[in-house]
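Me: Could you take me through this model, giving the general idea behind each feature before turning to the case at hand?

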Amino acid sequence: MDRKTEQWPLWEVFIRARQGLDHKHAGSLYAADAAMAIENARDVYTRRNEGISIWVVESKFIHASNPDESASLYDPANDKIFRHPGFYHLPDELKNI
Amino acid sequence: MHATEQELFDSKISQEIRIEPKDWMPEEYRKMLIRQMSQHAHSEIVGMLPEGNWITRAPSLRRKATLIAKVQDEAGHGLYLYSATETLGITRDETIEQLHAGKAKYSSIFNYPTLTWADIGAIGWLVDGAAIMNQVPLCRASYGPYARAMIRICKEESFHQRQGFEILLTLSRGSEAQREMCQDAINRWWWPSLMMFGPNDDASPNSQRSMQWKIKRFSNDELRQKFVDVCVDQAKVLHMDLPDKDLKWNPDSGHYDFGEINWDEFYEVLKGNGPCNHERLEARKKAHEEGRWVREAAAAYARKKNHNHALI
Ligand SMILES: [Fe+2]
Ligand SMILES: [Fe+2]
């Protein structure tokens, strides 16, 4: 009775809600292959017309940055406020810029 | 000085910054979440059984389509929650095994039988209603994946409660026999619904911890009181009675007082001695076993396709 069945691979699901928007991560699910992952994603994540396009990718192919290293990883951006438009002081009479 | 991991975690909690799967968290926090979230997932799945019982006998095509959609939503809720639970480092297989071995609990309410069609209405109104009361504050739970799953779930729940109330409303405006059926279902589901909020605050040590960690936002008794208050007014719309002779408006507290819950019954059902505990667990195990060949065949087919693909 306690026979182990191999677990299907895990897939991450991305959904485009409307034309013109990005695909956004919706969640994850198990499926034997990509076709089944898309069908299951339709049933699990778009039962109320939440999407018009679905991407699935096997979770094992996703590589993530390490939160423990975020201080050093994002450090290069910290002292570069000149990348933001508000850094530049310009007279009020200057328009359309 | 460098903040310790514990201090970092505590400051995130106090600043309402969500904890995410790869962040450091205390072992106790992780354990509490695994227990609560898997129990929650199991409840969604087992909860399909009492309602599934009436799908083939729904009184009209409209009711049947609605009930199928609701039960399908509950399956979805179970899946969102299992996925969220897995981010804590427990596998899907392990959580399911814990359920089947009787080690993990699910909400006791689903150990009561659905005897008449009116029970489907009472479940939607009272059981989903109590669930919503519990779940809305969980949308702000400190653990990100749990909170996100709850947001999705809460969006879908409101139709569940409304369709249930509509069933009861229809019965309440029907024949004498239908009105009796309606009242009978409310009588049977009222007290178990109040038990869904869990033991009284002074008998629920875990829940303080959970509130410190901002998993829970309100205590069991606070939520139960809110639920009683809204239900009393809703019952008036049905012209039905709630089966509690101690139910009375208290002008000092601004709430309804209500009678003592039968905690012996609660703990008996929790221990496995409710009317349907055995049946529910057997149904889950049977479904799992009988679905095994499908899972195996799909895996074999995927392997074969991959193999053929590799040969091209
Ligand atoms: Fe649900
Ligand atoms: Fe529901």
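Me: How much surface does chain A expose, and what share of it do carbon and sulfur atoms supply?

Reply: Accessible areas come from the Shrake-Rupley method with a 1.4 Å probe, and for residues only the protein chains shown count as cover. In this predicted model, chain A exposes about 7,500 Å², of which carbon and sulfur atoms supply 55%. Local features need pLDDT of at least 70 and side-chain atom pairs count only at pLDDT 80 or more, whereas totals for chains, interfaces and linings use all residues. Residues are numbered from 1 along each chain as its sequence is written, chains are lettered from A and ligands numbered from 1 in the order in which they are written, and side-chain values use heavy atoms, leaving out hydrogens and water.

Me: Which elements does chain A have, and in what order do they run?

Reply: Helices (H or I, at least four residues) and strands (E, at least two) are DSSP runs, numbered from the N terminus. Chain A has two helices and three strands, running β-β-α-β-α from the N terminus on.

Me: Where is Asn277(B), and is this residue buried or exposed?

Reply: Buried means under 20% relative accessible area, exposed over 50%, and partly exposed in between (1.4 Å probe, protein chains only). Asn277(B) lies in helix α12 (residues 277-290) of chain B and is buried, with a relative accessible area of 9%. With contact meaning heavy atoms within 4.5 Å, and leaving aside neighbours within four places in sequence, Asn277(B) touches Tyr106(B), Asn111(B), Val269(B) and Gly272(B).
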